[in-house]
Amino acid sequence: MNAELSAIELSIKEREDFIATKGKQKKQLRCDAESIAGCVSQRACVFCGARVVLNPITDAIHLIHGPIGCASYTWDIRGSLSSGTELYRNSFSTDLKEQDVIFGGEKKLARAIDELVAAYHAKLIFVYSTCIVGVIGDDIEAVCRAAMVRHHIKVIPVQSSGFIGNKSAGYRAACDSLLSLIHTEKKISKKPKSVNYLGDFNLAGEAWIIRDYLARIGVTVSTVFTGDASYEELKTAPAASLNIIQCAGSMAYLAKQMEELYHIPYLRISFLGIEDTAVTLRNIAEYFEDPEMQQKVEILIEEESRKVTDELSFYRKKLEGKKAAVYVGGGFKAISLIKQFREIGMEVVMVGTQTGQPDDYDTINGLVTEGTVVLDDANPAELEKFMIEQGANLLVGGVKERPLAYKLGVAFVDHNHERKHPLSGFVGAVNFAREVYSTVCSPVWRSIQMKTPWGE
Ligand code: SF4
């Protein structure tokens, strides 16, 4: 590759404001904006944003009103785990066809709801709108209202048709549906020392690990939004005394609304990595102003750290000096990953997100070293280019990023919805380090001849 081409020169002109190199450009990175047309953004669509937030609700029927392709996008590729029913693993679709696009799909949707109620006897149905529904203008709210009257169950429309924005708009649509689900006019008696845990989707059992930590320090988890959640449990959310938010990108809006409606304050936290997990537990105990809880937190941190220290030092020795590239959904995860890589002796040389906010990028900029490329809403060509230019040994991302790394002969770690082992808490930190070690230090990379997309 021509080394003289700067980071910006190979990217599309309109993308310049979304890419910065720490220490080289003084301008504020542009983010939280629509994707540039024609850039083949790595961002997922509005419907996908809504679906990833709501799908872990285990006893709900998730009905996608749209062409069959939209339903297949998320069919059983998520690792969110259930301690009870597996109903949520089914992906139902109205399978809209040409005739429905011409004459409207409302009747078909009403029939699909009736069939599903008869077959599964669920108390809760989410009906997702997709791109084509936004185009033809089906009134899914009216269909859902009528179905609720017919069946005496909750049928909640999710306004996630494609043209209302990007994945962030899908998060917001999902949060609006959750607010309508937990809405109550009754007087609420608050449960002391209880929290709602927002933005953990129990992909590989993380929510269970955090429930255990919190139980050990005397905090009850009322409900998790939405990992391993059920309809009845979600309805108890307004009684919690605190909301803690892991994935702020998807859940900050819900937390702000719940503060206004139910007077529940919130804390932004992170259970990714040893450092952030310890800080989070201390912050929760500090919030409750309970000296006994603070003592329990210190005991837990001591016990859990002791279990993982030796293994982590082993990985640190092997990984010291290696370079990582990070491209993930939200800002909170990117921030925690930068710290987590430091814990195992690695430097992050490229970092980007699909839906990061300006304050996320300010924090990222403060954490990374000079020369690190920071980019928002990237496309495959940019990710490949910067991985090569920055000499990354590893890419952390999701299913869409995996092939980009492998075809460049770069190691890869999945930190998204398809992974199979938990990455939260102390146990998660060691799982993460083990996976980074096994992929970065795999002998397979020695057998691969590096080829860039530019043929060099
Ligand atoms: S909702 Fe639109 S962008 Fe999303 S999968 Fe369906 S057609 Fe594609």
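Nine residues surround the ligand, and the closest are Cys 45, Phe 47, Cys 70, Thr 130 and Cys 131; a residue is near a molecule if its C-beta atom, placed from the backbone, lies within 6 Å of it. Two or more residues of this shell come from each of α1 (46-54) and α2 (68-73), where helices (H or I, at least four residues) and strands (E, at least two) are DSSP runs numbered from the N terminus. This is a predicted model, in which local features need pLDDT of at least 70, side-chain atom pairs count only at pLDDT 80 or more, and totals for chains, interfaces and linings use all residues. Residues are numbered from 1 along each chain as its sequence is written.

In helix α14 (residues 358-367), Asp 360, Tyr 361 and Ile 364 are buried (20 or more other C-beta atoms within 10 Å of the residue's own, against 12 or fewer for exposed, with partly exposed in between; C-beta atoms are placed from the backbone). Viewed down the axis of α14, these buried residues fall within an arc of 95°, so they line one face of the helix; the arc is that of the directions from the helix axis to the C-beta atoms. Asp 359 and Gly 366 are exposed on the face of α14 turned away from the buried side.

The cover over the buried residues of α14 includes α13 (331-343), β11 (347-353) and β12 (373-376), with contact defined as C-beta atoms, placed from the backbone, within 7 Å. In α13, Gly 331, Ala 334, Ile 335 and Ile 338 meet Asp 360, Tyr 361, Thr 363, Ile 364 and Leu 367 of α14.

How values were computed:
Two residues are in contact if their C-beta atoms, placed from the backbone, lie within 7 Å.
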